[in-house]
Amino acid sequence: MLNNNNDDNNSQKMTKFMRNFEGNAERLKKYSELLLLGNEASPVSYMNREGLRRICITLTTKCNLECVWCHRNETRFNNYLEKEMPFEMFQSIIQGLKDFKWLHIGGLGEPLMYKNIFQAIKEARQSIPNVKITTNSTLLTKGNCNKLVDSGLTYLEASIDGFDNITNKKMRGVSEDKLIENLHYLSDNSNLPIQINIVISNVNYESLFEAVDRLKDVRNIVLLHTIPLFMTKHMQSLGIGEITTEQHSALLLHWKKRISALNLKMNVWPDIYETQLDPVITMKRRHNQCFTVYEDPFINVFGYLSPCGRLQEMCLDNVLELGFDGAWNGPKMLSWRKQQLRGNYTKLCELECHMRNTCKV
């Protein structure tokens with residue numbers, strides 16, 4: 001006899017899973033190639049610019065906080081911190097990025113510490129329709145909020161990791177009260193959509209259940225995005241670890257109930273079923289393939305493509321020298337992807353993304 005409950009459950013999982021590819025046949029094609037062909041797949045990312053998720057650029061690696069789980073704490077970043085991309089370099093790079101739908105300004109620094117951030121956003125909007133930043137929200141003063149709106153920013157991601165008046169200050173060095181106050185002002189004086197990014201771990205998990213109630217009056221919040229902890233040696237040394245899928249689902253279910261009870265327009269990402277079947281995470285953990293290097297280009301503060309945002313100190317192909325398209329499938333990037341197709345992953349990939357080094361020497 002068929003297990004109808006299990007069938008329904010899997011059907012809902014796959015429905016949620018497939019929405020990751022809606023309107024993006026290019027993404028689905030490359031994903032299917034890696035899934036079906038494995039190490040025989042092509043190392044070339046043939047998705048057109050509209051098919052890629054976004055283009056991410058780091059303008060600064062300066063920051064005014066010392067968050068416990070930030071990668072800045074890793075010694076490998078010692079020569080990468082306290083840097084800024086020259087504005088002229090950014091201008092040259094952005095001119096070659098037309099046809100991308102999204103530019104994400106983020107990385108290991110606080111974008112609002114970049115002295116030309118408002119000009120950079122204005123410049124980017126000339127070529128790319130959607131520009132977003134990820135900020136720790138401490139510098140969202142009234143003046144900066146107004147300047148962000150005037151610059152043409154189309155989306156803002158704000159990072160908050162605790163909602164009990166204790167945890168966020170412990171994890172990020174600042175009380176969430178001030179951050180929420182800043183977001184209130186931005187929301188009350190603009191229509192700029194706001195996404196809240198929330199790292200989840202075993203040390204801040206309990207504090208997150210109050211998130212919806214603490215944020216309910218910030219009317220522009222459209223999404224609560226939970227980010228699983230990426231393990232590092234620093235995390236291990238502090239005894240900080242991951243939560244279970246069951247815990248993650250319980251938190252999301254609680255949030256959805258509170259959102260419904262308060263009649264809010266917030267969404268959650270991933271949704272409950274997507275905690276069990278996310279395209280990028282599922283590809284890594286079930287098939288030992290990294291999809292990020294095929295769909296999510298990251299330009300570091302020096303103007304080089306990096307394998308991903310967690311390895312942004314690595315300089316592969318130079319975007320200014322080769323142009324974006326030449327660098328995206330440049331010799332160093334292709335070599336990196338070929339090694340991964342062979343199962344040859346770095347220690348960092350093994351630690352942070354649960355990849356398994358299966359390369360036979």
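## Spaces, sheet and one-sided helix

Helix 14 (331-341) and helix 15 (347-353) each supply at least two residues to the lining of the largest cavity. Keep in mind that this is a predicted model. Of those helices, helix 15 gives the most to that lining, with four residues. In total the cavity is lined by 14 residues, and Cys308, Arg310, Leu311, Cys349 and Cys353 are the ones nearest its centre. By class, the lining splits into 10 nonpolar, one polar and three charged residues. How many cavities of 30 Å³ or more does the structure hold? Just one, and the space inside this largest cavity comes to about 120 Å³.

Now for a pocket. The second largest pocket has about 160 Å³ of space. The elements giving two or more residues to its lining are helix 1 (4-18), helix 2 (25-37) and helix 11 (279-287). Which of the elements gives the most to this lining? That's helix 2, with four residues. If you want to pick out the lining of the second largest pocket on screen, select Met14, Phe17, Met18, Leu28, Tyr31, Ser32, Leu35, Leu277, Thr282, Arg286 and His287. Seven of the lining residues are nonpolar, three are polar and one is charged.

On to the sheet. This is an open sheet of nine strands with mixed pairing, in the order 7-6-5-4-3-2-1-8-9. At the edges sit strand 7 (267-269) and strand 9 (305-306), each of which pairs on one side only. In general, strands of a sheet pair through backbone hydrogen bonds, either parallel or antiparallel. Here are some of the pairings, each with one residue pair:

| Strands | Sense | Bridges | Facing residues |
|---|---|---|---|
| Strand 2 and strand 3 | parallel | four | Tryptophan 102 and asparagine 130 |
| Strand 4 and strand 5 | parallel | four | Serine 159 and asparagine 197 |
| Strand 5 and strand 6 | parallel | seven | Glutamine 195 and leucine 223 |
| Strand 8 and strand 9 | antiparallel | two | Isoleucine 299 and leucine 305 |

Strand 5 (residues 194-200) is worth a closer look. Is strand 5 mostly covered or mostly open? Mostly covered: seven of its seven residues are buried. Both of its faces are covered, with Ile194, Ile196, Ile198 and Ile200 buried on one side and Gln195, Asn197 and Val199 buried on the other. Two residues of that second set turn up in the table: Asn197 stands opposite serine 159, while Gln195 has leucine 223 in strand 6 as its bridge partner. Strand 3 (residues 130-135) is mostly covered too, with five of its six residues buried.

Finally, helix 3 (residues 87-94). Its buried residues are Phe87, Met89, Phe90, Ile93 and Ile94. Why do they line one face of the helix? Because, seen down the axis of helix 3, these buried residues fall within an arc of 155 degrees. The background is simple: an α-helix has 3.6 residues a turn, so residues three or four places apart point the same way. And what do the buried residues of helix 3 pack against? Their partners are strand 1 (55-57), strand 2 (102-105), helix 4 (117-125), strand 8 (298-299) and helix 13 (319-328). Strands 1, 2 and 8 also belong to the nine-strand sheet.

Definitions and conventions
Residues are numbered from 1 along each chain as its sequence is written. This is a predicted model: local features need pLDDT of at least 70, side-chain atom pairs count only at pLDDT 80 or more; totals for chains, interfaces and linings use all residues. Side-chain values use heavy atoms; hydrogens and water are left out. On a 1 Å grid over the protein atoms alone, a cavity is a set of points where a 1.4 Å probe fits but cannot get out, and a pocket is an open set with protein on both sides within 12 Å along at least five of seven lines; lining residues have an atom within 4 Å of a point. Grid points are joined across faces, edges and corners, and a volume is the space filled by probe spheres set on the points. Ala, Val, Leu, Ile, Met, Phe, Trp, Tyr, Cys and Pro count as nonpolar, Asp, Glu, Lys and Arg as charged, and the others, Gly among them, as polar. Buried means under 20% relative accessible area, exposed over 50%, partly exposed in between (1.4 Å probe, protein chains only). Two strands pair if DSSP finds at least two bridges between them. The arc is that of the directions from the helix axis to the C-beta atoms. Contact means heavy atoms within 4.5 Å.
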